[in-house]
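Welcome! Here is a short guided tour for anyone meeting this structure for the first time. Please keep the 3D view open as you read.

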Amino acid sequence: MEIAHDEVQQNIQIFSDCTGIPVTVYDQSFKVILRTLPHKNLCCASTRPQADSGCRTAPSFAAQNAYSLGEPYIYSCDCGFIFLCVALLTPNGQFSGCQIAGPIRMEPLSQDLIATVLSQNPNCSCAAYSQLMLALQQMPENTPAQIESLSKLFYNNVTSLCRDTAAYERNRDLFRVQNEIGENIFKYKTLQAPQAAASTQAGEPAQLIALLFDGHTTEAFALLEYILQRHLSVEDGSFERIKLGLLKLYMDLCRAILEKNRLFQNNITIDFPLVKHLSDIQNVHELFAWSHDMLKQLQTQVSATLYDGYSDWIVRAMQYIQTHYMEKLTLQALARTLHVHASYLSKLFKKDVGMNFTDYLNAVRIEQSIRLLSTTDKTLLEIASAVGFEDQSYFTKIFRKVMGETPKKYRTRLTGEVPQSDFI
């Protein structure tokens, strides 16, 4: 959308004059280029938000969703205020920025709301505090129906400057078609399997794997997109929480494969580069691509479990490791348990698995450590001990070798939290 700044400024000013709602215009790199009513915009009236605040990431996340939808995207910030986002598109459909209207209040002005706003601005000065209180008092309370009407009005205001709205219509139609296909396939699957319709979200990983085992690839990918769309809508713009949810889904899918057919659990290994790539993703399109790659990889592994079995000794060895990885386990001890010569077992590992016993044991332990790093607040020392490493330094060394970074950096990048010491 290549429109003169003065024309855009006049347009957004008309919207703000009529509604009393501030508008901020971002370019494609999410740099603010225009805004109205800064005195009513809490993001301007307050000090800079905390580094881990959703205020820093919400505009880009909302714009990506608005771009995909071809419609306004409504989201809430960490304080509970509502924002409306409309993507700006070029005539050929390329993203060129966005306009965001807000904040809009949908809940009564209360001490809890004020406390929440102040908690996002802990270094607020007296002058900024007064400006915050004035902005809050002047902000009217809106009903959900009013916000829906405001979103339509805002969308029409933004697109009124477009010479051609075909790009928006294409995105909107594409999203609706994809959504309808996904819903229809999902409904079809649940009708074919009544027990699945009654299951909860916790049973979805098992449903996905069952579809893969039964060869229903199309339905499996439709269910995956359904799950991802739900994550996008539930997490309200917290990109890191969405990625954390997808990582948990990946772990649950690996576990579901083992539960589906435990005889072949040795075939299922976590793709560490895939996990590492997830932490680097910055937009919704890459998330969908990553999800598809993840399921394709699992599909390949499922096929391997069905047609490419290992030798009986290796199957038994891997089954034992999967349940005893947290213990002090050696090749000699494992060989004695299986009643096989250690040197022969070592050769079988290299021949069948493509790695030696120690590397496989460490890979299993790192898999389990990733699960603990992403789902618990245990210290690195506690995790190292829980997965079978005798000390934290060796655990860190192996983790860096496998993942390309230390467990401390991995957790920090995944959760966005800054550890207080090397033992966290």
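## A starting point: serine 291

Setting aside residues up to four places away in sequence, serine 291 makes contact with Leu224, Leu228 and Leu246. This picture comes from a predicted model. Serine 291 belongs to helix α13, which covers residues 284-307.

Is serine 291 buried or exposed? Its relative accessible area is 1%, so serine 291 counts as buried. To place it further, look for leucine 249: the two residues are 42 apart in sequence, and their C-alpha atoms are 9.9 Å apart in space.

## The chain as a whole

Stepping back, you will find 20 helices and 5 strands in the protein chain. The chain has 424 residues, and 49% of them are buried.

Contacts tell you how the chain folds back on itself. Taking those between residues at least 6 apart in sequence, 65% join residues at least 24 apart.

## The sheet

Now turn to the strands. An open sheet is formed by 5 strands, in the order β2-β1-β5-β4-β3, with antiparallel pairing. Strands β2 (32-35) and β3 (73-76) are at the edges with a single partner strand each, so one side of each has no neighbour in the sheet. On average, neighbouring strands of this sheet are turned by 25° against each other, direction ignored.

One pairing to look at is that of β1 (residues 23-27) with β5 (residues 95-104), which runs in the antiparallel sense over 5 bridges. Here valine 23 stands opposite alanine 101 of β5. In general, strands of a sheet pair through backbone hydrogen bonds, either parallel or antiparallel.

## Helices across the sheet, and an edge residue

Which helices lie across these strands? Helix α1 (residues 5-19) lies across β1, β2 and β5, and runs at about 45° to β2. Helix α6 (residues 144-159) lies across β1, β3, β4 (82-89) and β5, at about 25° to β4.

Strand β2 includes isoleucine 33. With a relative accessible area of 33%, isoleucine 33 is partly exposed. Not counting residues up to four places away in sequence, isoleucine 33 touches His5, Val25, Tyr26 and Asp27. Glutamine 9 lies 24 residues from isoleucine 33 along the chain, and 9.9 Å separates their C-alpha atoms.

## Nonpolar cores

In soluble globular proteins, nonpolar side chains tend to be buried together. In this model, the largest nonpolar core has 94 residues, and Leu345 and Phe349 have the most contacts inside it. Helix α11 supplies the largest share of this core, with 10 residues.

What does phenylalanine 349 touch, leaving aside its neighbours within four places in sequence? Its contacts include Ile314, Ala317, Met318, Ile321 and Leu334. Further along the chain, Gly354, Met355, Asn356, Phe357 and Tyr360 are also in contact with phenylalanine 349. Apart from this largest core lies another one of 19 residues, among them Ile82, Leu88, Ala101 and Tyr155.

## Two cysteines without a disulfide

How many disulfides are there? The count is 0. Cysteine 85 is in no disulfide, and the nearest cysteine sulfur, that of cysteine 98, is 4.3 Å away. Cysteine 98 is likewise in no disulfide, with the sulfur of cysteine 85 as its nearest. The cut-off explains this: a disulfide needs two cysteine sulfur atoms within 2.5 Å.

Both cysteines are hidden away: cysteine 85 is buried at a relative accessible area of 0%, and cysteine 98 is buried at 0% too.

## Salt bridges

Side chains of opposite charge can pair when their charged atoms come close. The structure holds 2 salt bridges. One joins the side chains of aspartate 252 and lysine 248, at 2.9 Å from N to O. These two residues are 4 apart in helix α11 (residues 239-260), which means that about one helical turn separates them. Lysine 248 is partly exposed, at 45% relative accessibility.

Glutamate 390 and lysine 328 also form a salt bridge, their closest N and O atoms being 4.0 Å apart. This pair links distant parts of the chain, 62 residues apart: glutamate 390 is in the loop between α18 (380-386) and α19 (392-403), and lysine 328 is in the loop between α14 (312-324) and α15 (331-338). Both glutamate 390 and lysine 328 are exposed.

Note on methods
Residues numbered from 1 in each chain as written. Predicted model: local features only at pLDDT ≥ 70, side-chain atom pairs only at ≥ 80, totals over all residues. Heavy atoms only, no water. Buried < 20%, exposed > 50% of the residue type's maximum accessible area, 1.4 Å probe, protein only. Core = buried A, V, L, I, M, F, W, Y, C linked by side-chain atoms within 4.5 Å. Contact = heavy atoms within 4.5 Å. Pairing = 2+ DSSP bridges. Axes fitted to C-alpha atoms, helices over the stretch in contact; angles between N-to-C directions.
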